[in-house]
There are 2 protein chains.
Amino acid sequence: MEWRRRPTMEDVAKAAGVSKATVSRVLAGIESGSTPATAERVRQTALRLGYVVNSIAASLRSRQSFTIGLLLADVANPFFGGIASGVESRLSQTGYSVILGNTGNSLERERALVRVLVEKQIDGLIAATSAASAEHFHEAQERGVQVVLVDSDVPGLEADTVTIDNRATAEAVVGHLLEQGHRRIAIVTGPMDATFDRHRLEGYRRALARHGIAYDEALVLRADLLAEGGERAVDRLLELDPRPTALFATNNMMTQGVLVGLRRAGLRIPDEISLVGFDDQDWYALCHPPLSAVLNPAYEMGHVAADRLLTRLAGRGERVEQPVEHLVLDAPLVLRASTAPPPQA
Amino acid sequence: MEWRRRPTMEDVAKAAGVSKATVSRVLAGIESGSTPATAERVRQTALRLGYVVNSIAASLRSRQSFTIGLLLADVANPFFGGIASGVESRLSQTGYSVILGNTGNSLERERALVRVLVEKQIDGLIAATSAASAEHFHEAQERGVQVVLVDSDVPGLEADTVTIDNRATAEAVVGHLLEQGHRRIAIVTGPMDATFDRHRLEGYRRALARHGIAYDEALVLRADLLAEGGERAVDRLLELDPRPTALFATNNMMTQGVLVGLRRAGLRIPDEISLVGFDDQDWYALCHPPLSAVLNPAYEMGHVAADRLLTRLAGRGERVEQPVEHLVLDAPLVLRASTAPPPQA
DNA sequence: CCGATTTACTAAACCGATTTCATTCCGGAT
DNA sequence: ATCCGGAATGAAATCGGTTTAGTAAATCGG
């Protein structure tokens with residue numbers, strides 16, 4: 001056999017003339033329990049043999065995997081990419097790894113992913129999906145997994161959340177449009193499964209109400225959170241009579257789709273129709289005209305969520321259960337040039 | 001104690017009146033070795049007790065983690081998001097999980113990540129980074145990890161790669177510009193650590209050579225692969241005399257930065273300067289003017305890489321070592337409206 | 001109907017670490 | 001000289017599965 005087995009802790013122990021227990025202690029960085037001299041000798045032999053710990057074995061015994069699950073609706077969407085980036089940066093600082101799961105907005109896939117993650121003994125779970133169901137998260141919690149929700153809340157689930165104030169934000173957007181004189185404002189929403197979706201609509205209604213404008217069901221264009229849906233929403237908008245003078249698209253993909261649809265329809269922004277998007281992206285500034293949108297702090301949300309999870313993990317085994325926290329971040333409306341007073345009829 | 005321990009395979013075995021071995025076989029879906037009746041009884045009791053396997057324990061013994069590592073330069077960048085999406089979709093079909101690592105183009109971080117991944121006993125590793133070094137990958141391979149490189153190749157490393165033909169693609173871009181009559185064409189490149197970067201420049205040179213145009217060092221604007229760098233590259237471009245009439249930005253971030261810089265400088269595209277970008281994004285079509293760019297098939301590359309990795313993993317333990325493969329995907333140039341013949345001086 | 005397989009199944013070893021508990025060793029207090 | 005407490009260390013149990021080796025019973029061919 002010309003292929004050498006990779007050295008285990010046992011090998012290091014033998015080579016250093018100590019027991020596995022000592023090697024374990026030294027390599028885990030436990031100060032007490034060994035002479036500086038012994039510690040150094042162990043470290044040297046480990047290095048010399050090219051020893052690398054097997055975290056799988058370590059996790060089995062210690063019941064900690066130092067791994068968390070990250071569930072996203074769509075990694076390819078830069079908004080979720082931002083969340084992933086924030087989560088990863090905070091967690092890997094502390095030696096945690098993140099297992100990525102892409103749900104594609106399928107509850108079935110989401111459930112399957114949670115199950116696999118639980119089997120893999122994750123310590124925590126961060127989810128940014130629009131799952132309307134709580135049970136699979138519940139099951140994870142029952143098996144000792146700490147759950148933190150990002151971007152959306154799941155009714156009936158006792159878990160930390162990191163979100164923006166979707167109601168207030170949407171209200172501000174629509175308020176801005178109203179102040180410019182718009183009276184018929186359409187909104188493109190998702191399927192209303194997620195709270196962010198529902199809350200954005202609520203904010204829209206609230207703004208209208210505050211300005212004494214009747215809520216018109218026909219002006220809410222329900223779509224699918226994807227570009228395709230945004231584009232088709234524009235088609236429906238064109239059939240409205242009188243045609244709305246302003247439009248609020250409630251996520252980045254639909255904003256993009258709306259832009260495509262509007263361009264195809266030949267509607268000039270903001271002369272013929274005002275538009276406010278969501279999930280601000282750098283390229284919004286490069287559109288013609290530069291697009292106003294809500295800046296949804298994806299990276300920060302991910303970072304904060306990871307941070308919350310870490311402190312929760314650190315506080316395990318405490319006498320008192322930590323109460324759940326609902327963190328709310330700022331989501332400013334960045335105004336560029338896609339809104340203007342409505343055209344004179 | 002009001003808190004019940006989660007059931008183990010032992011518990012299921014006892015409850016079903018069989019041995020652990022039988023439970024293991026049944027749940028692993030091994031047909032032979034148990035009566036359909038026994039199998040069913042085991043499955044039922046497992047379900048009744050709410051049993052969930054501990055993959056950590058399984059992995060320890062079986063020496064397979066069904067987990068692969070995915071190293072990306074920047075998850076927040078939609079190009080890498082696309083790769084991640086492709087990888088995840090292919091792998092999770094087969095029950096594999098993916099651990100995400102963000103290198104942020106730091107070799108040091110990349111090394112640290114590889115180490116952690118190896119410790120976590122990943123079965124394979126897919127990397128889409130611009131690491132110039134091979135040693136950490138080498139070390140992973142020595143420890144039995146199958147490595148597949150995406151988007152870039154690492155000299156001195158014996159590993160499968162999935163890329164596009166960067167030379168030919170760049171050559172086509174510059175050829176297109178030359179055919180329109182441009183003679184002074186600038187190129188914005190990265191730091192030249194990665195092969196994709198170097199090959200794109202080579203393609204540029206080749207196109208020039210083929211058209212009998214001298215290569216001018218001053219026209220290659222070396223940047224950092226980020227938007228910031230693209231923007232500053234434009235500043236340097238403006239100082240060139242005579243000013244180039246066309247510009248080729250070699251990745252999505254720099255393309256975006258160039259767009260910002262050009263807008264700030266007030267240069268009209270394509271009247272005053274032609275521009276071709278890279279890593280086509282949907283929003284390129286929404287710019288003013290719609291931007292021509294190379295479509296880099298991120299999702300597909302990820303998918304193919306994952307596929308390659310899977311077949312490699314499946315073929316482990318075979319007598320003959322599988323030879324490395326270098327898969328090359330198509331990267332079409334999508335022409336929109338950002339190029340035109342150079343302005344008459 | 002008998003020896004030879006084959007099949008269903010179990011007991012026990014094993015994977016490679018962590019953790020518990022016992023032991024040894026030491027200097028200092030009595 | 002003796003006793004004591006704490007620090008250093010090691011032996012062995014443990015985590016929860018998979019895998020191997022072995023056994024008893026069922027099946028088969030002639």
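**Notebook: around strand 9 of chain A**

I began with one pair: A:Gly277 stands opposite A:Ala293 in strand 10 of chain A. A reminder to myself that this is a predicted model.

**Entry 1, the neighbours of strand 9.** I looked up how the two strands run, and strand 9 and strand 10 (residues 292-294) of chain A turn out to be parallel, with two bridges between them. Next I checked strand 8 (residues 246-249) of chain A, which is also parallel to strand 9 and is joined to it by three bridges. Within that pairing, I noted A:Leu275 as the bridge partner of A:Leu247. I then followed the chain from strand 8 through helix 11 (residues 252-265) to strand 9 of chain A, and the three form a right-handed β-α-β unit.

**Entry 2, the faces of strand 9.** Is each face of strand 9 (residues 274-277) of chain A covered or open? I found both covered: A:Ser274 and A:Val276 are buried on one side, and A:Leu275 and A:Gly277 are buried on the other.

**Entry 3, the loop after strand 9.** Two things caught my eye between strand 9 and strand 10 of chain A. A:Asp279 sits in this loop, and its phi is positive, near 55°, though the residue is not glycine. I count A:Asp279 as buried because its relative accessibility is 4%, under the 20% cut-off. A:Pro289 is in that loop too, and a cis peptide bond with omega of about -5° links A:His288 to A:Pro289.

**Entry 4, the loop before strand 8.** Here I found another cis peptide bond, between A:Asp241 and A:Pro242, with omega about 0°. A:Pro242 belongs to the loop between helix 10 and strand 8 of chain A, and so does A:Thr245. A:Thr245 is buried at 17% relative accessible area, and its side chain makes a polar contact of 2.6 Å with that of A:His182.

**Entry 5, another positive phi.** A:Asp151 lies in the loop between strand 4 (146-150) and strand 5 (160-164) of chain A. Its phi is positive, about 80°, and it is not a glycine. I noted A:Asp151 as buried, with 4% relative accessible area.

**Entry 6, the empty spaces.** How many cavities of 30 Å³ or more are there? I count four. The largest cavity holds about 190 Å³. It is lined by 15 residues, and A:Ile56, A:Lys120, B:Ile56, B:Thr67 and B:Lys120 are the closest to its centre. Helix 4 (55-62) of chain A and helix 4 (55-62) of chain B each give at least two residues to this lining. By type I logged five nonpolar, eight polar and two charged lining residues.

Notes:
Residues numbered from 1 in each chain as written. Chains lettered and ligands numbered in written order. Predicted model: local features only at pLDDT ≥ 70, side-chain atom pairs only at ≥ 80, totals over all residues. Heavy atoms only, no water. Buried < 20%, exposed > 50% of the residue type's maximum accessible area, 1.4 Å probe, protein only. Pairing = 2+ DSSP bridges. Right-handed = clockwise from strand over helix to strand, strands pointing away. 1 Å grid on protein atoms, 1.4 Å probe; cavity = no way out; pocket = protein on both sides within 12 Å on 5 of 7 lines; lining within 4 Å. Points joined across faces, edges and corners; volume = space filled by probe spheres on them. Nonpolar A, V, L, I, M, F, W, Y, C, P; charged D, E, K, R; others polar. Polar contact = N/O pair within 3.5 Å; in protein donor to acceptor, adjacent residues only side chain to side chain.
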